[in-house]
Amino acid sequence: MMVSVNTTRTFMDIVITEGMASSIQAGSTKSVHRFGDVVPMKRPATRPTENSQSSAAPTISNNLLLSDGDFSSTASSPKAPMASSSSSSTSADELIQQSKFRNSVVAVASVLLAVSSYLYQFTHPVEPVQLLYTMQQNSQSMSVIGVNQKPTVVDFWAPWCDNCKLIAPTLLQVEEEYKDRVNFVMVDGDKAESWPYIEAFGVDAIPHLALVSADGDVETALIGPIPRHVLKADLDVLLENAAATQNGNNNNKDNNEQSPRQSLPYTMLDVFASNPQGRKVRFQ
């Protein structure tokens, strides 16, 4: 039975081979569509022997195995990038977690610092007299009055003056708000070198805030504890008058016309009402 099978396979091969050979020898232009034409490997023109068939099978098998091996290796190769992508994702998650933790620590630390600072200031309040001494140290010189085209506030005070201590926080707030546009000068009445200024401004009681225009004219004196809005309103008008004067000087260089000035909304003591010439002050 085995012999019959082998004889049949050999006969089929002979028929196909001889058919192809006869068609080639006849020079036929017609293409013969047979099973052997679609096989990627060319069938030999001579009759293959059993040895060649037996040896061809392992070759094909080996090629298939190699192809399978190549395919399997190619298919399995993407596993490495997948592992790398997984590790990268893990690293990114770790960085996000670390960033969140760090931000949380910074936020908690900021809150603790703010609370501790508030508690320290609450338990260790700054004495008003200390504010006055600090403002005195940061005070501008009298020589800036009427020179740098800025209005000036001259505060006459003394360490023993209760009302001076009372308005110290208000004056400090106003100074912080207007320090770039207004001169703030502090005069300690307890010091001997302050007496020439006390006499020049006609000070006979403290606290005494002398409001001086940008030209160096004493506009008014505010005596006693002064509300913040009162001082700010007068400073705003002094600034507007200074700007108007500057613009008028630029536009009217060829004539002596002066820009009109606004009156201060709050005035108290006019020391120079009887001596207008003494209103303008200037110090070297």
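Begin by selecting C164: at 2% relative accessibility, this cysteine counts as buried. The model on display is predicted. Add C161 to the selection; its relative accessibility is 5%, so C161 likewise falls under the 20% limit for a buried residue. A search for disulfides will return none, as the structure holds 0.

Next, extend the selection from C164 to helix α5 (residues 162-178), and show helix α4 (residues 128-137) with it. Two packed helices are described by the angle between their axes and the distance between the axes. Here the axes come within 8 Å and cross at roughly 50°; α4 and α5 are therefore oblique to each other. The crossing of α4 past α5 is left-handed.

Now display the side chains at this contact. From α4, select P128, V129, L131, L132 and M135. Their partners in α5 are C164, K165, A168, P169, L171, L172 and E175. Sorted by character, the residues of this contact comprise 10 nonpolar, no polar and 2 charged.

Then move to the loop between α4 and β1 (152-157), where Q149 is located. Q149 has a positive phi of about 60°, although this residue is not a glycine. With a relative accessible area of 53%, Q149 is exposed.

The last stop is the loop between α6 (195-200) and β3 (208-212), which contains P207. Select I206 together with P207: a cis peptide bond joins the two, with omega about 5°. As background to these last two stops, most residues other than glycine have a negative phi, and most peptide bonds are trans.

Key. Residues are numbered from 1 along each chain as its sequence is written. This is a predicted model: local features need pLDDT of at least 70, side-chain atom pairs count only at pLDDT 80 or more; totals for chains, interfaces and linings use all residues. Side-chain values use heavy atoms; hydrogens and water are left out. Axes are lines fitted to C-alpha atoms, for helices over the stretch in contact, and angles run from 0 to 180 degrees between N-to-C directions. Helices (H or I, at least four residues) and strands (E, at least two) are DSSP runs, numbered from the N terminus. Angles under 35 degrees count as roughly parallel, over 145 as roughly antiparallel, 65 to 115 as roughly perpendicular and the rest as oblique. A crossing is left-handed if the near helix is turned anticlockwise from the far one by less than a right angle, and right-handed if clockwise. Contact means heavy atoms within 4.5 Å. Ala, Val, Leu, Ile, Met, Phe, Trp, Tyr, Cys and Pro count as nonpolar, Asp, Glu, Lys and Arg as charged, and the others, Gly among them, as polar. A disulfide is a pair of cysteine sulfur atoms within 2.5 Å. Buried means under 20% relative accessible area, exposed over 50%, partly exposed in between (1.4 Å probe, protein chains only).
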